[in-house]
Amino acid sequence: GYGDSQGNLDLREAIVQREYEKHGATISPDDVYVTSGVSECINLLMGTFLEPGDEVLVPGPGYPSYAQYINFYEGRVVPYRMIEEEDWRPDVDMIRKRITDSTKAMVLINPNNPTGQVIPLADIETILEAAKKLGVAVIVDEAYGEYMPKENSAVSLFQKYDNLLVPKTFSKGFGFAGMRAGYILMPASLNPYMTNITNPYCMSELSRAVAAKTIRNEAFLDELREETARLKRMILDHPWKNISAAETADSVSITLLIHKNPDVDMAAEFAKFRIWVYSGCDFDTLTKNTCRFRVPAAKDMDRVMEALKAIDELD
């Protein structure tokens, strides 16, 4: 038969066990909604929460799919912007003050995409407290969550805040983008509403089986963070003349690179070396002299450093 992504308990029970062992979070399988990756998480969340005109706070810069799905469901994107002069660090007081009676939901991306910054858990809780008082749902996107210390995951706050939803994916840290596997930790009371708008077969049986086995491999993730930090420091510590990076966490596999010259098209320059990066133009508030850069594999580091050095010579 076709099976049913939500009806099968294999992956959901593995997630429950893993989140308890890792974060001490007591959750039930009904608090886990499996999806075909984080993009579907975003689609389902916006489709569940939004009526036309509803306001959603989103980070700028931030993962562009949020704005796309908010617009699709006729919601209103209300950006809270990080600025270059502060290395795109999130201003928690500013974010908290942007939450109003008109806000339906808000998004935190942790670690941030594209900067790779990690928002401290205490700051997330401050925002959750403010949002809860106004009945605002807080979506803490942890697509890159496997790259940050487990102590910083919002999952540890799950029992305390009924307005918290945490989308996660196997595409980043676990490297299973092609398997299309993800999940949302959310109050079980939302299940019937989300089921009304989703495909019950959204995750394949093979994807569920592989994900259920893989999610318990914490030793692999420890090695991944250590190796990512080692390679990333090679880039960040180099004495660049014209290239700089936004504030970023060493263990997170992405960062925002900026060229001093606003006329330099970073994505186009990398393309000359057959290296693909996301142009800053793909993100709200950013321009072509910036790019989202992913830390390469060790075997590719020499070629990437060669490209970076050439781009750094551009005045």
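# Exercises on a predicted model

The second largest pocket holds about 210 Å³ of space, and the model in which it is found is a predicted one.

**Exercise 1. Describe the lining of the second largest pocket, by residue, by element and by class.**

*Solution.* Start at the centre: 13 residues line the second largest pocket, and those closest to its centre are Ile275, Trp276, Val277, Arg294 and Pro296. Next, turn to the secondary structure, where β11 (290–294) and α10 (301–312) each contribute at least two lining residues. Of the elements, β11 gives the most, with three residues. Finally, sort the lining by class, which yields nine nonpolar and four charged residues, with no polar residue among them.

**Exercise 2. Locate the cis peptide bonds that precede proline 61 and proline 111, and place each proline in the chain.**

*Solution.* Take proline 61 to begin with: the bond that joins glycine 60 to proline 61 is cis, with omega about 5 degrees. Proline 61 belongs to the loop that runs between β2 (55–60) and α3 (65–72). Then take proline 111, which is joined to asparagine 110 by a cis peptide bond with omega of about 0 degrees. Proline 111 lies in the loop between β4 (103–109) and α5 (121–133).

**Exercise 3. Glutamate 74 and arginine 274 have positive phi values; state where each residue lies and whether it is buried or exposed.**

*Solution.* For glutamate 74, phi is positive at about 65 degrees, although the residue is not a glycine. Glutamate 74 sits in the loop between α3 and β3 (76–81). Its relative accessible area is 53%, and because the cut-off for exposed is over 50%, glutamate 74 counts as exposed.

For arginine 274, likewise not a glycine, phi is positive and near 60 degrees. Arginine 274 is found in the loop between α9 (266–271) and β10 (278–279). With a relative accessible area of 76%, arginine 274 is exposed.

**Exercise 4. Classify the aromatic pairs formed by tyrosine 144 with tyrosine 147 and by phenylalanine 270 with phenylalanine 293, and judge whether their members are buried or exposed.**

*Solution.* The count of aromatic pairs comes to six. One of them joins tyrosine 144 and tyrosine 147, whose centres are 6.1 Å apart and whose planes stand at 35 degrees, and this pair is tilted. Tyrosine 144 is buried, at 2% relative accessible area, and tyrosine 147 is also buried, at 6%.

In the pair of phenylalanine 270 and phenylalanine 293, the ring centres lie 5.9 Å apart and the planes are at 35 degrees, so this pair is tilted as well. This pair links distant parts of the chain, since phenylalanine 270 is in helix α9 and phenylalanine 293 in strand β11, 23 residues apart. Phenylalanine 270 has 0% relative accessibility and therefore counts as buried, while phenylalanine 293, at 2%, is buried too.

To finish with the aromatic residues, note that Trp276, Tyr278 and Phe283 form one aromatic cluster.

**Exercise 5. Summarise the protein as a whole, by its elements, its burial, its contacts and its exposed area.**

*Solution.* Begin with the elements, which are 10 helices and 11 strands. Then consider burial: the protein has 315 residues, of which 54% are buried. For contacts, consider those between residues at least 6 apart in sequence, of which 70% join residues at least 24 apart. Lastly, the protein exposes about 14000 Å², and carbon and sulfur atoms supply 50% of that area.

Key: Residues are numbered from 1 along each chain as its sequence is written. This is a predicted model: local features need pLDDT of at least 70, side-chain atom pairs count only at pLDDT 80 or more; totals for chains, interfaces and linings use all residues. Side-chain values use heavy atoms; hydrogens and water are left out. On a 1 Å grid over the protein atoms alone, a cavity is a set of points where a 1.4 Å probe fits but cannot get out, and a pocket is an open set with protein on both sides within 12 Å along at least five of seven lines; lining residues have an atom within 4 Å of a point. Grid points are joined across faces, edges and corners, and a volume is the space filled by probe spheres set on the points. Helices (H or I, at least four residues) and strands (E, at least two) are DSSP runs, numbered from the N terminus. Ala, Val, Leu, Ile, Met, Phe, Trp, Tyr, Cys and Pro count as nonpolar, Asp, Glu, Lys and Arg as charged, and the others, Gly among them, as polar. Buried means under 20% relative accessible area, exposed over 50%, partly exposed in between (1.4 Å probe, protein chains only). Contact means heavy atoms within 4.5 Å. Accessible areas come from the Shrake-Rupley method with a 1.4 Å probe; for residues, only the protein chains shown count as cover. Rings of Phe, Tyr and Trp (its six-membered ring) pair if their centres lie within 6.5 Å; planes under 30 degrees apart count as stacked, over 60 as edge-to-face and the rest as tilted.
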